[in-house]
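Q: I should like to learn how to read a protein structure feature by feature. Could we work through one together?

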Amino acid sequence: MATLRELKGRIGSVASSEKITGAMKMISSAKMHKAEGVLRRLLPFRQCVQTILASLLSSEAPVSSPLTEKHASVTRVAIAVLGSDDGLCGAYNVNIFKGVLEELAKLRSTYGSDIQIDIIPVGKKMAKAFARIGEDPAITLLHDSEVNSKSDGDTVKAFAQNLQEEYIAGKYDLVRLVYMHYHSAGRQRLTIDNYLPVSTDTLGAGEAQGRPCLFEPDAASIFAVAVPMYLLSRMQEAFADNRASEQAARVMAMQSANDNAQKLLEQLQLEYNKLRQAGITTELLDIVGGQARD
């Protein structure tokens with residue numbers, strides 16, 4: 001049985017842990033709201049570009065881009081997987097990893113078991129998770145040391161442009177983007193987007209201008225410039241989604257840890273009080289027994 005001193009030490013340790021998890025929850029909550037604000041600011045830009053593209057597609061002018069053209073066959077696929085660089089975010093990275101494994105099975109089922117797949121993990125935790133499947137001869141892990149889950153706008157732009165250039169050069173026939181889409185602090189959904197080629201059906205889903213438009217210098221030139229801008233906006237949104245979702249998962253993990261610490265603290269405090277009361281009762285009985293003998 002634990003002594004009063006041991007219980008007091010354990011109570012102090014759990015109380016300290018409760019304070020730490022509470023502070024970490026507050027920090028993660030602030031970071032989550034910051035990332036949420038970035039996400040809200042990015043959304044109008046992507047919607048505006050998509051509206052322009054929808055107007056171009058709805059016009060009679062011929063438009064095309066190598067980023068919207070499908071390759072004749074699919075033999076090599078790139079999957080960019082956005083995860084976290086830091087831990088203490090519950091099953092966040094595990095859920096992303098499981099989603100990618102399911103996607104790998106779907107790709108092999110659709111395009112054949114000999115399809116070559118390049119996985120580009122973003123974030124130290126994600127890179128560590130995928131190191132386990134590096135022995136598969138059909139899977140290649142590509143580590144980009146310049147990009148991580150906290151990358152700034154310029155780094156994200158370079159990352160998006162590199163994928164576009166490799167698709168145009170014919171290195172990849174498909175490019176998929178895997179990340180957690182942020183809905184709210186309590187809800188994030190694993191999303192697997194077909195990043196390249198860009199589907200004209202998706203672009204046409206935007207709200208086209210209701211009035212006739214005059215395109216200068218010409219529709220084809222504008223379309224060729226707007227498609228990369230649209231892809232960049234999607235990549236920026238994915239990174240912002242990933243940051244917000246990671247912090248939301250960390251808030252929930254810290255809340256769970258804080259709740260568990262509180263329950264343990266209550267149990268230890270109850271055990272401490274019982275043991276202390278038992279000690280006091282024993283001392284009283286010894287005093288009463290001594291007086292009776294006298």
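A: The turns below go from the overall fold to single residues. Please keep in mind that this is a predicted model.

Q: How many helices and strands does the protein chain have, and what pattern do they follow along the sequence?

A: One begins by listing the elements in order. The protein chain has six helices and five strands. Read along the sequence, they give the pattern α-β-α-β-α-β-α-β-β-α-α.

Q: How does the radius of gyration of the protein chain stand against that of a compact globule of 294 residues?

A: The idea is to set the computed value beside the one expected from a simple rule. For a compact globule of 294 residues the radius would be near 19 Å, whereas the protein chain has 28 Å. The box filled by the C-alpha atoms can be read alongside this: along the principal axes, its sides are roughly 115 × 50 × 30 Å.

Q: What share of the residues counts as buried, and what supplies the exposed area?

A: Burial is judged from relative accessible area, with buried meaning under 20%. In the protein chain, 40% of the 294 residues count as buried. The exposed surface comes to about 16400 Å², and carbon and sulfur atoms supply 54% of it.

Q: How far apart in sequence are the residues that contacts join?

A: Here one sets aside pairs that are neighbours in sequence. Among contacts between residues at least 6 apart in sequence, 80% join residues at least 24 apart.

Q: Which residues of the largest nonpolar core touch the most other members?

A: A core is read by its members and then by the elements that supply them. The largest nonpolar core has 34 residues, of which Leu53, Phe159, Tyr195, Leu196, Met235 and Phe239 touch the most other members. Several elements each supply at least two residues of this core, among them helix 1 (4-58), helix 4 (153-168), strand 5 (187-196) and helix 6 (219-293). Helix 6 gives the most, with ten residues. There is also a second, separate core of 22 residues, which includes Ile79, Val81, Leu104 and Val178.

Q: What does Leu196 touch, and what kind of peptide bond joins Leu196 and Pro197?

A: Leaving out residues up to four places away in sequence, Leu196 touches Leu67, Leu163, Gln164, Tyr167, Leu174, Val175 and Leu231. As for the backbone, most peptide bonds are trans. Leu196 and Pro197, however, are joined by a cis peptide bond, with omega about 0°. Pro197 is found in the loop between strand 5 and helix 5 (200-204).

Q: What is phi of Leu88, and is Leu88 buried or exposed?

A: Most residues other than glycine have a negative phi. Leu88 has a positive phi, near 60°. This residue lies in the loop between strand 1 and helix 2 (92-111). Leu88 counts as exposed because its relative accessibility is 55%, and the cut-off for exposed is over 50%.

Q: Why does Phe45 count as partly exposed, and which residues does Phe45 touch?

A: A value between the two cut-offs is called partly exposed. Phe45, found in helix 1, has 36% relative accessibility and therefore counts as partly exposed. Not counting residues up to four places away in sequence, Phe45 touches Met229 and Ser233.

Q: Where does Leu264 lie, and what separates its C-alpha atom from that of Phe223?

A: Distance along the chain and distance in space are read separately. Leu264 lies in helix 6 and counts as partly exposed, at 36% relative accessibility. Leu264 and Phe223 are 41 residues apart along the chain, and their C-alpha atoms are separated by 61 Å.

How values were computed. Residues are numbered from 1 along each chain as its sequence is written. This is a predicted model: local features need pLDDT of at least 70, side-chain atom pairs count only at pLDDT 80 or more; totals for chains, interfaces and linings use all residues. Side-chain values use heavy atoms; hydrogens and water are left out. Helices (H or I, at least four residues) and strands (E, at least two) are DSSP runs, numbered from the N terminus. The radius of gyration is taken over C-alpha atoms; the globule rule is 2.2 Å times the number of residues to the power 0.38. Buried means under 20% relative accessible area, exposed over 50%, partly exposed in between (1.4 Å probe, protein chains only). Contact means heavy atoms within 4.5 Å. Accessible areas come from the Shrake-Rupley method with a 1.4 Å probe; for residues, only the protein chains shown count as cover. A nonpolar core is a set of buried Ala, Val, Leu, Ile, Met, Phe, Trp, Tyr and Cys residues joined through side-chain atoms within 4.5 Å.
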